[in-house]
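The following exercises ask for a careful reading of a set of coordinates. Each task is followed by a worked solution.

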Amino acid sequence: MSRPIKFSLVPILALLLAGCSSDVISPAGDIAMQQRDLIIIATALMLLIIIPVMVLVVLFARKYREGNKAAKYEPDWDHSTHLELVIWAAPLAIIICLGAVTWVSTHLLDPYRELGRIAPGQPVAAQVEPLEVEVVALDWKWMFIYPQYDLATVNELVVPVDRPISFKLTSSTVMNSFYIPAMAGMIYAMPGMQTRLHAVINVPGEYKGIAAHYSGHGFSGMHFVTKGVSDSEFDAWVADVKASPDMLDRNRYLDVAKPSEHVPVMHFAGVESGLYTAVVNMCVERDKMCVSEMMSIDAQGGLGHAGVDNLAPALYGGGEKNRAPFGPQKTYVAAICSTDEAIAMTGKLPAIAAPDSTPLLGRGLSRSEAIATVNQPALAWLAGKIASLETIAAEAL
């Protein structure tokens, strides 16, 4: 392709690119706007040194080219104090400015920091209650729970404009990244943990939300629509979702959480109390020990040797072949703790009855009915192996 043809393609490409939109450069939320400004400031500061250097490279190459006989030839020149001051002082000043801007912005744009304003010069009113949204990254879709309205959605996030939003985020299986470019920066969602994000949408419209972290086969379709609407439109949307016949209890959640791709929008008119807390604690299955329960037991001294039989089969898959606690099938630690500390840590999760039984080692915690599901032959085999090892150890001594 000839050079004239190549140059003629430049304006055509420019016109085509003019139709593209970038939520990062033209966001719809105050947090994203501040992040956009930080990108522009940082880029401008770096260009202060990059552009002069690029210009000087061209000028020096042209001035000291072989054909320029008027250029002064100084083969023994090796140092200039003034030139050294310019070379080092300019980048140092830029680094100091970048460090100051970054330090201030890092604290002002901390995702855990509650919003002090919803727009420049417009602080958050004292009577405004932030919208709470509990986000769960599933395989491969996003679930949004609105605890203030007792409803939930899948792959649809609707928020009123100019109202602060308080996100709580977790994941069901693997680490993922929650990202709405028009609203705020990305934040990780991790299983067994909770992260936070505070943001706001100032301009009505529809914006794309994505998973910005590879999480498996269905990752490419793991996106959702974010709608910024007026207060009246939001109230109408809430009423529409509340009219849905579907309810989100633990069993329904386990069904939705199974891996699936390109899932359409789903609405749930009600959410079982404490469901999000159970998701964070990785104990949606009622007989599965919560992370908070496990930490409470560990803080009291643990279960000792008696904890070896505290396994139950995973609910996924079903069938008698999954009943054994040992082997290639999935198992998990069964719930046994119903202490006040554990109940307080797990929120409104129902307590698991603990019948009278022989005290376990550690802190003397009682076993629950969940232990009845354990495969007793497997336990007898394990106990025999332990006894054999103890006999061998005694003989060796």
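The exercises below treat confidence, annotated spans, sheets, a helix and a loop residue in turn.

**Exercise 1. Confidence**

State the average pLDDT of the protein chain and identify stretches that call for caution.

*Solution.* The model is a predicted one. Step 1: the average pLDDT of the protein chain is 80, and 73% of the residues score at least 70. Step 2: residues 316-327 have a pLDDT below 50, although this stretch has 25 contacts in the model beyond near neighbours in sequence. Step 3: over residues 338-361 the pLDDT likewise stays under 50, and the model has 54 contacts for them beyond four places in sequence. Step 4: where pLDDT is low, predicted coordinates should not be read in detail.

**Exercise 2. Annotated spans**

Which residues does UniProt list as "transmembrane region", and what are the helix and strand contents of these spans?

*Solution.* Step 1: the unreviewed UniProt entry lists residues 38-61 and 82-104 under this heading. Step 2: in the model, residues 38-61 are 100% helix and 0% strand, with 35 Å between the end C-alpha atoms. Step 3: residues 82-104 are 100% helix and 0% strand, with end C-alpha atoms 33 Å apart.

**Exercise 3. The six-stranded sheet**

Derive the strand order of the open sheet that has six strands, and identify the strands at its edges.

*Solution.* Step 1: the order is β10-β7-β3-β4-β5-β13, with mixed pairing. Step 2: β10 (195-199) and β13 (266-268) each have a single partner strand, so one side of each lacks a neighbour in the sheet. Step 3: from one strand to the next, the twist averages 20°.

Step 4 examines individual pairs. β3 and β7 run parallel and are joined by seven bridges; leucine 131 faces isoleucine 165 in β7. β7 and β10 run antiparallel, with five bridges between them, and serine 166 stands opposite histidine 198 in β10. Strand β5 (residues 151-154) pairs with β13 in the antiparallel sense over three bridges, where threonine 153 lies opposite histidine 267 in β13.

Step 5 turns to burial. In strand β7 (residues 165-171), six of the seven residues are buried.

**Exercise 4. The five-stranded sheet and helix α4**

Determine the strand order of the open sheet that has five strands, then describe how α4 is placed against both sheets.

*Solution.* Step 1: the order is β6-β12-β11-β8-β9, and the pairing is mixed. Step 2: β6 (156-160) and β9 (187-189) are the edge strands, each pairing on one side only. Step 3: ignoring direction, neighbouring strands of this sheet are turned by 25° against each other on average.

Step 4: helix α4 packs on this sheet, touching β6 and β12 (223-229), and its direction makes about 140° with that of β6. Helix α4 (residues 231-242) also lies across β3 (131-138), β4 (141-146), β5 and β13, running at about 90° to β5.

Step 5: the pairings can be read off in sequence. β6 and β12 are parallel over five bridges, and proline 160 is opposite valine 229 in β12. Strand β11 (residues 205-211) is antiparallel to β12 over six bridges, with glycine 209 opposite phenylalanine 224. Strand β8 (residues 176-179) is antiparallel to β9 over three bridges, and phenylalanine 178 has isoleucine 187 as its bridge partner in β9.

**Exercise 5. The faces of helix α7**

Why can the buried residues of α7 be said to line one face of the helix?

*Solution.* Step 1: the buried residues of α7 (residues 291-299) are Ser292, Glu293, Ser296 and Ile297. Step 2: viewed down the axis of α7, these buried residues fall within an arc of 140°, so they line one face. Step 3: Asp298 and Ala299, on the other side of α7, are exposed. Step 4: just after α7, glycine 301 adopts a positive phi of about 120°.

**Exercise 6. A loop residue**

Locate aspartate 246, classify its accessibility and list its contacts beyond neighbours within four places in sequence.

*Solution.* Step 1: aspartate 246 lies in the loop between α4 and α5 (250-257). Step 2: its relative accessibility is 22%; buried requires under 20% and exposed over 50%, so aspartate 246 counts as partly exposed. Step 3: beyond four places in sequence, aspartate 246 contacts Arg252, His267, Phe268, Ala269 and Gly270. Step 4: the C-alpha atoms of aspartate 246 and methionine 266 are separated by 8.9 Å, the two residues being 20 residues apart along the chain.

Conventions
Residues are numbered from 1 along each chain as its sequence is written. This is a predicted model: local features need pLDDT of at least 70, side-chain atom pairs count only at pLDDT 80 or more; totals for chains, interfaces and linings use all residues. Side-chain values use heavy atoms; hydrogens and water are left out. pLDDT is the predictor's confidence in each residue, from 0 to 100. Contact means heavy atoms within 4.5 Å. Buried means under 20% relative accessible area, exposed over 50%, partly exposed in between (1.4 Å probe, protein chains only). Helices (H or I, at least four residues) and strands (E, at least two) are DSSP runs, numbered from the N terminus. The arc is that of the directions from the helix axis to the C-beta atoms. Two strands pair if DSSP finds at least two bridges between them. Axes are lines fitted to C-alpha atoms, for helices over the stretch in contact, and angles run from 0 to 180 degrees between N-to-C directions. UniProt positions are given in the numbering used here, feature names are shortened, and annotations may be inferred rather than shown by experiment.
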